[in-house]
Amino acid sequence: MPVAPKIHVLPRPAAHHQLTTPTLAANNGASSTVNIQTEIRNDAATNRTCILRTDILNTNDVIVASVTSTQLVAAGSTLTFDQTTPAIVNPWLWHPNTPTLYRAVTTVSEGATEVDSFGTTFGFRWFSWTTTN
């Protein structure tokens, strides 16, 4: 079994990498930000400065949005990073006939050294019901 780095995304199945598209409905599916919450664990005996970069990749592996955050993670603790990307305009919406999926790839770094990474597949899904249809 591989040993996790001292600072890392919580391992599966306990990994907490939650994604939402909070502005998709308000924009009628035309654009949305992506909110990513990632739990980072520091198993070191000292506080560590953690850089978290999350890239959103479309189905062609093209980066369509990125967000980077830096926080101090206390020794022996877990910290949730809360990141929100810039709006992604005209996202390819997931539908049963065209199940387009995106990937959020999060990289954990200390300084210039990448120490862990984690990916989550997700889709942009929007629909509405009205009394007329």
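# An all-strand chain, read from S128

S128 sits in the segment that follows strand β10 (113-122). Strands here are DSSP runs of E of at least two residues, helices are runs of H or I of at least four residues, and both are numbered from the N terminus. The model is predicted: local features need pLDDT of at least 70 and side-chain atom pairs count only at pLDDT 80 or more, while totals for chains, interfaces and linings use all residues. Residues are numbered from 1 along each chain as its sequence is written, and side-chain values use heavy atoms, with hydrogens and water left out.

## The chain as a whole

The chain contains 10 strands and zero helices, so the definition of a helical run is not met anywhere in it. Its order along the sequence is β-β-β-β-β-β-β-β-β-β. Along the principal axes, the C-alpha atoms occupy a box of roughly 60 × 25 × 25 Å.

Among the 133 residues of the chain, 33% are buried. Buried means under 20% relative accessible area, exposed means over 50%, and partly exposed is in between, with a 1.4 Å probe and protein chains only. About 7700 Å² of the chain is exposed, and 54% of that area comes from carbon and sulfur atoms. Accessible areas follow the Shrake-Rupley method with a 1.4 Å probe; for residues, only the protein chains shown count as cover.

Contact means heavy atoms within 4.5 Å. Of the contacts in the chain with a separation of 6 or more, 60% join residues 24 or more positions apart. One pair far apart in sequence is S128 and N28: they are 100 residues apart along the chain, and their C-alpha atoms are separated by 8.7 Å.

The charged side chains number 7 positive and 8 negative, and the centres of the two sets are 3 Å apart. Lys and Arg count as positive and Asp and Glu as negative, without His and the chain ends.

## Two nonpolar cores

A nonpolar core is a set of buried Ala, Val, Leu, Ile, Met, Phe, Trp, Tyr and Cys residues joined through side-chain atoms within 4.5 Å. The largest one has 11 residues: L24, V34, I36, I56, A65, V67, I88, Y102, A104, F122 and F124. Strands β6 (63-73) and β9 (102-110) each give this core at least two residues. A second core, separate from this one, has nine residues, including V9, I40, C50 and V73. In soluble globular proteins, nonpolar side chains tend to be buried together.

Beyond the residues up to four places away in sequence, L24 is in contact with G29, S31, S32, P91, L93, F124, R125 and W126.

## Individual residues

The table gives the accessibility of six residues.

| Residue | Relative accessible area | Class |
|---|---|---|
| T85 | 3% | buried |
| N35 | 13% | buried |
| S128 | 44% | partly exposed |
| D61 | 49% | partly exposed |
| L72 | 53% | exposed |
| N90 | 56% | exposed |

T85 is in the loop between β7 (77-84) and β8. Its side chain comes within 2.9 Å of the backbone nitrogen of V34. A polar contact is a pair of N or O atoms within 3.5 Å; within protein, one must be able to donate a hydrogen and the other to accept it, and residues adjacent in sequence count only if both atoms are side-chain atoms. Apart from neighbours within four places in sequence, T85 touches T33, V34, I36, I56, A65 and V67. Of these partners, V34, I36, I56, A65 and V67 are members of the largest core.

N35 belongs to strand β4 (residues 35-42). The side chains of N35 and D82 form a polar contact of 2.8 Å. With neighbours within four places set aside, the contacts of N35 are Q18, L19, T20, P22, D82, Q83 and T84.

L72 is part of strand β6. Not counting residues up to four places away in sequence, L72 touches N47, R48, T49 and L79. R53 is 19 residues from L72 along the chain, and 15 Å separates their C-alpha atoms.

Two loop residues have a positive phi although neither is a glycine. D61, in the loop between β5 (48-57) and β6, has a phi of about 60 degrees. N90, in the loop between β8 (88-89) and β9, has a phi of about 50 degrees.

Definitions and conventions: The place of a charge is taken as NZ of Lys, CZ of Arg, CG of Asp or CD of Glu.
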